[in-house]
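Let's take a walk through this protein together. Have a look at the sequence and the 3D view, and then we'll pick out a couple of spots to explore.

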Amino acid sequence: MKRYRLRKKESKEISKFFEKNYGVSIKGDMEKFEFDDLNIITVDNEPIILEYEGRYYFTVYGVIKFKPEKGRVVVDEGAMPYIMRGADVMKPGIVEADESIKAGDFVYVAVEGKLTPLAVGIALVDGIEMKEGKGKAVKNIHHLKDKIWNYFFVSKK
């Protein structure tokens, strides 16, 4: 894994992106951590931003901290253990989905009742279709207790 500090110009561009697209002001010292298939950008040492296939979104921690209003998919508690082991989100486990979601959008997955963010992924279908039928609805990219979460939050002994 490589780790390096972002240049001020790149940090400003990322900050402008989040301001414009999510209405969130993200400012501070940014560092990039390159993992296998995605990158994490820390802001003042907090893992806030996920970069996947050249696009930016929040990490699970970023969702917890900034609570985006759009892009939420809610699953029943029965789906939780599977998602936390890296499984994609299946339509039958979804109880609610933001209807403005379009296939290809970043989304976050929360658990019914608590609405605790559990995972971040990419919508495979529009939000309106997520509760209909069978099949995958969200590709799981990053979830609680995965290698990224553990890297930043589990103490290294």
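Is asparagine 140 buried or exposed? Keep in mind that we're looking at a predicted model. With a relative accessible area of 11%, asparagine 140 counts as buried, because the cut-off for that word is under 20%. You'll find this residue in strand β11, which runs over residues 136–143.

So what surrounds asparagine 140? Skip its neighbours within four places in sequence, and its contacts are Ile83, Gly86, Ala87, Asp88, Ala119 and Val120. One of these deserves a second look: the side chain of asparagine 140 reaches the backbone oxygen of alanine 87 at 3.0 Å.

Now head over to helix α1, made up of residues 8–22. Its 15 residues stretch 21 Å from the first C-alpha to the last, close to the 21 Å you'd expect at 1.5 Å a residue. Which residues of α1 are buried? They are Ser11, Ile14, Ser15 and Phe18. These four cover an arc of only 100° around the axis, so they sit on the same side of α1. Turn to the other side of the helix and you'll meet Lys9, Lys12, Lys16 and Lys20, which are exposed.

And what covers those buried residues of α1? The cover includes four strands: β2 (30–34), β3 (39–43), β4 (46–52) and β5 (55–58).

Finally, follow the chain just past the end of α1. There, glycine 23 takes a positive phi of about 65°.

Conventions. Residues numbered from 1 in each chain as written. Predicted model: local features only at pLDDT ≥ 70, side-chain atom pairs only at ≥ 80, totals over all residues. Heavy atoms only, no water. Helix = DSSP H or I, 4+ residues; strand = E, 2+ residues; numbered from the N terminus. Expected span 1.5 Å × (residues − 1). Buried < 20%, exposed > 50% of the residue type's maximum accessible area, 1.4 Å probe, protein only. Arc of directions from axis to C-beta. Contact = heavy atoms within 4.5 Å. Polar contact = N/O pair within 3.5 Å; in protein donor to acceptor, adjacent residues only side chain to side chain.
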